[in-house]
Amino acid sequence: MAAPIAQRALKLKPSASIAAKKLVSDLQAAGHQIIDLTIGEPDIETPAHIVDAAMAAARAGDTHYTASAGTAALRDAVARRMASEKKLAVKAENVAVGCGAKQLIYEAFAATLDDGDEVIVPAPYWVSYPDIASLHGGVPVFVDGDGENEFKLTPDALEAAITERTRWLVLNTPNNPTGTIYAREELLALAAVLRRHPHVWVMTDEIYEYLCYEGDRALSLIEVAPSLFERALIINGVSKAYAMTGWRIGYAIGPKALVDVIVKMLSQSTTCPSSVSQAAAVAALDGDQACVTYARDLYLKRRDRMVELLADAPGICAKAPAGAFYLYVSVAELLGLTTPEGKVLQSDLDVSLYFLEHAKVAVLDGSAYGMSPYLRLSFAASMEAVEEGSRRIVEACKQLSDATPRS
Ligand code: PLP
């Protein structure tokens, strides 16, 4: 008998990156030697002092439900970080802890969107924003970025996208998939637009904050325009900076009234995140930060190597991103070319499938991120995988040019 599936679940798309991860695992399990450049998480282990803190917490009996907002220790640690780095006078009551940044985004939209409320999502975007907004009755309003301008949302484009129904602007810097980071002046210009529209709230997704290759961290819109804090929700977490994706700890920081309603939603979904993971997150935030610098240096070397090798790939235009661990490369010049198997490439999805089937390299197509024809190549993979994957892509691109009939 067919399962009773609600309309909103029927409309929901599975996360493209999670689907890719499964496809690659299935192919590898079937014996294929796939180089995986779809990875959306650090390939390094969680630093030992963080793991030790979790084990100590478990042994000390820290194994019970915590408050739905998170432990006082973790909320205090987040508030201290906001004060010391961003000079924001944030208290524990402004912080909600959830099972990853993703859950906070989910609960924030659940708590604030009525049917038809609009969410401005600059494209290309992290795959989950539109789907989570739609699931809660929201209407994603996409604003396409320009590759020549690092895909940045401009003040004019933001102004044009705002309507009476706009509830949120989602701003993700450093950005997934492009790695783009907004400079202070650019943030100030966007803040000026937001000030003209007091009904619009801003969700700043800062999960890649410390994966920044020019300086120690990316700036937040809210630290350059603190008066916007009263209608902002800062999203962050330990997943990317501290290699803790599996621990599932994220946090949202905002005005108490909004945080309270998010906490109510959390209390009716997961009750609270893992007590042991929260203890680990406190150790991450309060402990030695050398692990963050170590990870950044590692990714920087891989980024530069990938860009260097891909410079030899005909038809691929790879620029070094300012942050995160992805290259978002245009494959416009590959469209229309013929594969050695005789297939004409029509889209970035075709190109990604060609790389997978022909070169055994897995990458994600730009259509998943709302902008084509591009591919997202992750360098959160070992240097060997970065080098071998890039070489295979270069070779596959050369074979396309050779196989295409001259007109
Ligand atoms: N925001 C962005 C832009 C991401 O890329 C991701 C994960 O890939 C998340 C949020 C979710 O992070 P978390 O692991 O904390 O749920």
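The following exchange concerns the ligand site and an aromatic cluster in a predicted model.

Modeller: In this predicted model, local features need pLDDT of at least 70 and side-chain atom pairs count only at pLDDT 80 or more, while totals for chains, interfaces and linings use all residues. Residues are numbered from 1 along each chain as its sequence is written, and side-chain values use heavy atoms, with hydrogens and water left out.

Biologist: What makes the approach of S239 to the ligand a polar contact?

Modeller: A polar contact is a pair of N or O atoms within 3.5 Å; within protein, one must be able to donate a hydrogen and the other to accept it, and residues adjacent in sequence count only if both atoms are side-chain atoms. A polar side-chain atom of S239 lies 2.8 Å from an oxygen atom of the ligand, so the pair meets the cut-off. A polar backbone atom of K102 is 3.0 Å from a ligand oxygen.

Biologist: Why is the pair of Y328 and Y369 called edge-to-face?

Modeller: Rings of Phe, Tyr and Trp (its six-membered ring) pair if their centres lie within 6.5 Å; planes under 30 degrees apart count as stacked, over 60 as edge-to-face and the rest as tilted. The centres of Y328 and Y369 are 6.3 Å apart and the planes stand at 80°, so the pair is edge-to-face.

Biologist: What makes the pair of Y328 and Y374 stacked?

Modeller: The centres are 4.9 Å apart with 5° between the planes, so the pair of Y328 and Y374 counts as stacked. Ring pairs also link F151, Y328, Y369 and Y374 into a cluster.

Biologist: Are Y328 and Y374 buried or exposed?

Modeller: Both Y328 and Y374 are buried (under 20% relative accessible area; exposed is over 50%, partly exposed in between; 1.4 Å probe, protein chains only).
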